[in-house]
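Q: Could you take me through the largest nonpolar core of this model? I'd like a close look at what goes into it and what sits around it.

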Amino acid sequence: MTDLVIIGGGPAGMSAACAAYESGISDIMILEREESPGGILKQCIHNGFGLHRFGEELTGPEYAWRYEQKVREYNIPVKTGTMVLSVSPEKKVVATNSEDGIFEISAKAIILAMGCRERPRGALMTPGTRPAGIYTAGAAQKFVNMKGLMPGREVVILGSGDIGLIMARRMTLEGAKVKAVCELMPYSGGLARNIEQCLHDFDIPLKLSHTIVEIHGRERLTGVTIARVDENRKPILETKEYISCDTLLLSVGLLPENELTLGIGATMDGVTGGAVVDGARQTDVPGIFACGNVLHVHDLVDFVSEEAEIAGRSAAAYIKGDMKKETEIKVQAGFGVRYTVPQRICENKDTDVFFRVGDVYRRVKMVVYKDGEAVYTKKKQKVAPGEMERITIKEDMLLDAKTITVALEVEQ
Ligand SMILES: Cc1cc2nc3c(=O)[nH]c(=O)nc-3n(C[C@H](O)[C@H](O)[C@H](O)COP(=O)(O)OP(=O)(O)OC[C@H]3O[C@@H](n4cnc5c(N)ncnc54)[C@H](O)[C@@H]3O)c2cc1C
């Protein structure tokens, strides 16, 4: 029996492991399917990581290395090349690797930190042929940054998520011509800082309210037809425009990798795509915790580490029998808010609630309602779906509460 098994050796898994160790648990095992820890950050060679955590601008690999060093210092074993196949609610983990074959580990607690994957072309139903030259932005990022291979020379990017924006800049720096970034919505899905630094600084056009209506080419992509969309996101065919290109990169969303979580039977949140958790990041299966991108897609890895530390400390408390269950308060999304994490609060203490809004709103008030009564407001000039928001629910607001609702109030 192992005290704590962590599935995934990305930033979430490593931060959770370190926090659990610092909380007095040393019998920890990290299982990672790739050949080295670090998760997706290994391919994110641009800077901008760690500003919140370390007050410095690090690259993705540098950020991951800080945690890997700690994991090594604490002698926490990381079993790499090891794919977890299933997890049971009784906390039995079945995994496989080339050395041990298929094996089972029983744990007192488990932290799910499997990250997310990119939404592929098949999910978009874009009409046209199926030529080579269409990649998710992350796959192209891996080719360019880790393998030294250029996917193509003339590029169109569909979707303005952060990975697409970062790849627009990377492809330009590597000598390709990025002809356009097309975004279905009237606003970008990425961080404002990435729009500035990756598109505006390189004169790459961002075509909002545009989508691709046809893909051309037989063996290799030869071009795409784009069109403006109306307010119902239907293409306006009179606005069709052909752009020749040999590469199409897709940056159309990330999907939390929750096949294992579904197998455990944990209650899932239909909006985040992750498990429903309490403030301790415990799912509704006792002793099973989740954090990082497998729980909900984060903008910045700094917040992934912060959340993973909560899961790590909580798992340690669970193993030591110190876990508190003082209350049961439902946290829900009100007007303008798509989801909240956590979705439940079980401890009477200050709790940070993360949330995303459903649209771009200007001059808003973020309002916390306790059983229908407004107890806290915070003004913000602008909120957008691409930027995760957070609000602290103070301990006194939780007293005798049944439901906490986080909502927006828009000034007329
Ligand atoms: C292509 C891409 C680019 C990104 N670029 C940025 C960026 O520039 N800046 C930024 O802040 N954020 C970026 N992100 C978001 C980034 O994912 C998070 O910031 C952070 O890496 C999430 O950490 P994580 O540990 O939750 O997930 P990951 O980093 O994805 O780590 C999850 C780990 O779990 C492992 N795993 C999954 N399933 C199993 C299994 N069954 N068995 C064993 N191991 C498993 C995976 O191999 C992986 O190593 C990017 C995400 C993607 C997909």
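A: The largest nonpolar core in this predicted model runs to 87 residues, and the ones with the most contacts inside it are Leu4, Ala16, Ala17, Ile111, Leu112 and Ala113. If you want one element to start from, pick helix α8, residues 301-320: with nine residues, α8 gives the most to this core. Domain 1 (2-117 + 254-323) and domain 3 (332-410) both put residues in, so the core lies between those two domains. That fits a general habit: in soluble globular proteins, nonpolar side chains tend to be buried together.

Now zoom in on Ala113. Setting aside neighbours within four places in sequence, Ala113 is in contact with Ile6, Ile7, Gly8, Gly10, Ala12, Gly13 and Ala16, and also with Cys291, Gly292, Val294 and Ala308. There is also another core, lying apart from the big one, with 36 residues, among them Val156, Val181, Cys182 and Leu250.

Next, a pair of strands. Strand β1 (residues 2-7) runs parallel to β2, and four bridges join them. Val5 stands opposite Met29 in β2. As for β2 itself (residues 28-31), both of its faces are covered: Ile28 and Ile30 are buried on one side, and Met29 and Leu31 are buried on the other.

Then there's the ligand. The shell around the ligand has 38 residues, and Gly10, Gly39, Gly115, Gly138 and Gly292 come nearest. Two of those names should ring a bell, since Gly10 and Gly292 are also among the contacts of Ala113. Helix α8 turns up here too: along with α1 (11-22), β6 (83-87), β9 (116-118), α4 (137-147) and α5 (162-173), α8 supplies at least two residues of the shell. By class, the shell divides into 21 nonpolar, 11 polar and six charged residues. Domain 1 and domain 2 (120-250) both give residues to the shell, so the ligand's surroundings lie between these two.

Put that on the domain map, where the chain is divided into domain 1, domain 2 and domain 3. Domain 1 gives residues to the big core along with domain 3, and to the ligand shell along with domain 2. What about domain 2 and domain 3? Their centres, taken over C-alpha atoms, are separated by 34 Å. Even so, five residues of domain 2 are in contact with five residues of domain 3. On the domain 2 side of that contact, you'll find two nonpolar, three polar and no charged residues.

Technical notes:
Residues are numbered from 1 along each chain as its sequence is written. This is a predicted model: local features need pLDDT of at least 70, side-chain atom pairs count only at pLDDT 80 or more; totals for chains, interfaces and linings use all residues. A nonpolar core is a set of buried Ala, Val, Leu, Ile, Met, Phe, Trp, Tyr and Cys residues joined through C-beta atoms within 7 Å. A residue is buried if 20 or more other C-beta atoms lie within 10 Å of its own, exposed if 12 or fewer, and partly exposed in between; C-beta atoms are placed from the backbone. Domain bounds come from an automatic or database domain assignment. Two residues are in contact if their C-beta atoms, placed from the backbone, lie within 7 Å. A residue is near a molecule or strand if its C-beta atom, placed from the backbone, lies within 6 Å of it. Ala, Val, Leu, Ile, Met, Phe, Trp, Tyr, Cys and Pro count as nonpolar, Asp, Glu, Lys and Arg as charged, and the others, Gly among them, as polar. Two strands pair if DSSP finds at least two bridges between them.
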